[in-house]
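Colleague: Got a minute to go through this one with me? I'd like to know what stands behind the labels you use.

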Amino acid sequence: MKKFGIGATLFSFLSFFLVASLLPSTALHAQAPFYQGKNIALIIGNQAGGQYDLWARHIANHIGKQIPGNPNVIVQNMPAAGSLVAANYLYNVAKPDGLTIGAVIPGIYTDQLIGRKEVQFDWAKFNWIGTPEQTEWLFITRADSPYKSIEDIRAAPEPPKCGTTGSGSFVHQVPKLLEEVLGMKLTLVSGYTGGPDVDLAIERGEVRCRSISVTAFFGREPYIAWGKKGFVRPLAQTGKKRDPLLEHVPTIYELMDQYKTPEISRRLATVMLASNIFGRPWLTPPGVPAERVRILREAWNRTVKDTEFLAETKKRRWPVAPVAGEELDSLAKQVITQPPEVVQRLKKFLEE
């Protein structure tokens, strides 16, 4: 019995040793991050040089080190149709493996609401990663134009020409919304690829006005130089409160009160301006494994709190007011569900 016990003990020890010797390589294999040695494609649905593009590239330069495995982030611009092409690509073509991320203009959810055939995605089914800021918008004119206020445009015998991009972009939608809720008339000149092209058109005198985000107005060229020269003049802003740097510029809500905007038009404004909360969002195709979505969201959250990232952002004079992916996911489901009367009014508004 004693001899049997020693043999059994020896066999057990050898078995344990054999199993233990295999554990390190097995553990290392199991712990190898999915993103290690891989590239992430970032599809930006905006023209290179625009504020959406600049923000997306800035984040791309920092987020890789926050993702386990430290993948490279490779940027590709896909600006056609105000981010519609990029959103369709993400939804229908990109593999749902967590290796393709999009940065799109959020106003395109209105195209889905009204049933445009070009829309081949469901806004509520994307996986939302986060946005670095909530955006508000300005409506500006050249300072040498005869339009010094919204009232001047309302009373003008000839509507000013405003440059716009795709229908899902707020470069297009803000001027149309001001027409709808404030009773002003504009001649919208569409077809520009992105914001930088509209800027050139303003410089050349092809158009007199456009909408621009508050962040871009204070944080990128040519607006920094234009501000010093007094080349452009803000006439309205979309925030519910006046921005501290724009105390002299009325909000759309103040102007709607002044001009007694009807309730249905106010509801339309609420639906449209909800995209300001989306800001400059990052998202993935539907079907990405939940664990990889979690990894990307956590990396995003660390990035927007990173001291080096924040220091560089401060130098650019960009505000950071992040909204987490979970909140955007909830908002996406809310905005895409609207009563029929609002959808019909929105459809009429966008197709006029």
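**Helix packing, pocket and cavity**

Modeller: Let's start with a contact: in this predicted model, Gln173, Lys176, Leu177 and Glu180 of helix 6 meet Arg345, Phe349 and Leu350 of helix 16. By class, that contact has three nonpolar, one polar and three charged residues.

Colleague: What makes helix 6 and helix 16 count as roughly perpendicular?

Modeller: Helix 6 (residues 170-182) and helix 16 (residues 340-351) pack at an angle of about 115 degrees, with their axes 10 Å apart. The range for roughly perpendicular is 65 to 115 degrees, and helix 6 and helix 16 are therefore given that label. As for the hand, the crossing of helix 6 and helix 16 is right-handed.

Colleague: And why are helix 11 and helix 16 called roughly perpendicular?

Modeller: Their axes come within 10 Å and cross at roughly 80 degrees. Set that against the range of 65 to 115 degrees, and helix 11 and helix 16 are therefore roughly perpendicular to each other.

Colleague: Which residues of helix 11 and helix 16 meet?

Modeller: From helix 11 you have Ile264, Arg267, Leu268, Val271 and Met272, and from helix 16 Glu341, Val342, Arg345, Leu346, Phe349 and Leu350. That contact has eight nonpolar, no polar and three charged residues.

Colleague: On to the empty spaces. What makes something a pocket, or a cavity?

Modeller: A cavity is where a 1.4 Å probe fits but cannot get out, whereas a pocket is an open set. The largest pocket has a volume of about 790 Å³. Among the 34 residues lining the largest pocket, Glu136, Val214, Thr215, Asp243 and Leu246 are the closest to its centre.

Colleague: Which helix gives the most to the lining of the largest pocket?

Modeller: Helix 9, with five residues. By class, the lining of the largest pocket divides into 16 nonpolar, eleven polar and seven charged residues.

Colleague: How many cavities of 30 Å³ or more does a search of the whole structure find?

Modeller: Four. The largest cavity has a volume of about 160 Å³. It is lined by 22 residues, and the closest to its centre are Asn46, Tyr52, Val171, Gly195 and Arg210.

Colleague: Where does the largest share of the lining of the largest cavity come from?

Modeller: From strand 8, which supplies three residues. Helix 2 (51-63), helix 7 (195-204) and strand 8 (209-213) each supply at least two. The lining of the largest cavity divides into eight nonpolar, eleven polar and three charged residues.

Terms used. Residues numbered from 1 in each chain as written. Predicted model: local features only at pLDDT ≥ 70, side-chain atom pairs only at ≥ 80, totals over all residues. Heavy atoms only, no water. 1 Å grid on protein atoms, 1.4 Å probe; cavity = no way out; pocket = protein on both sides within 12 Å on 5 of 7 lines; lining within 4 Å. Points joined across faces, edges and corners; volume = space filled by probe spheres on them. Helix = DSSP H or I, 4+ residues; strand = E, 2+ residues; numbered from the N terminus. Nonpolar A, V, L, I, M, F, W, Y, C, P; charged D, E, K, R; others polar. Axes fitted to C-alpha atoms, helices over the stretch in contact; angles between N-to-C directions. Parallel < 35°, antiparallel > 145°, perpendicular 65-115°, else oblique. Left-handed = near helix turned anticlockwise from the far one by under 90°. Contact = heavy atoms within 4.5 Å.
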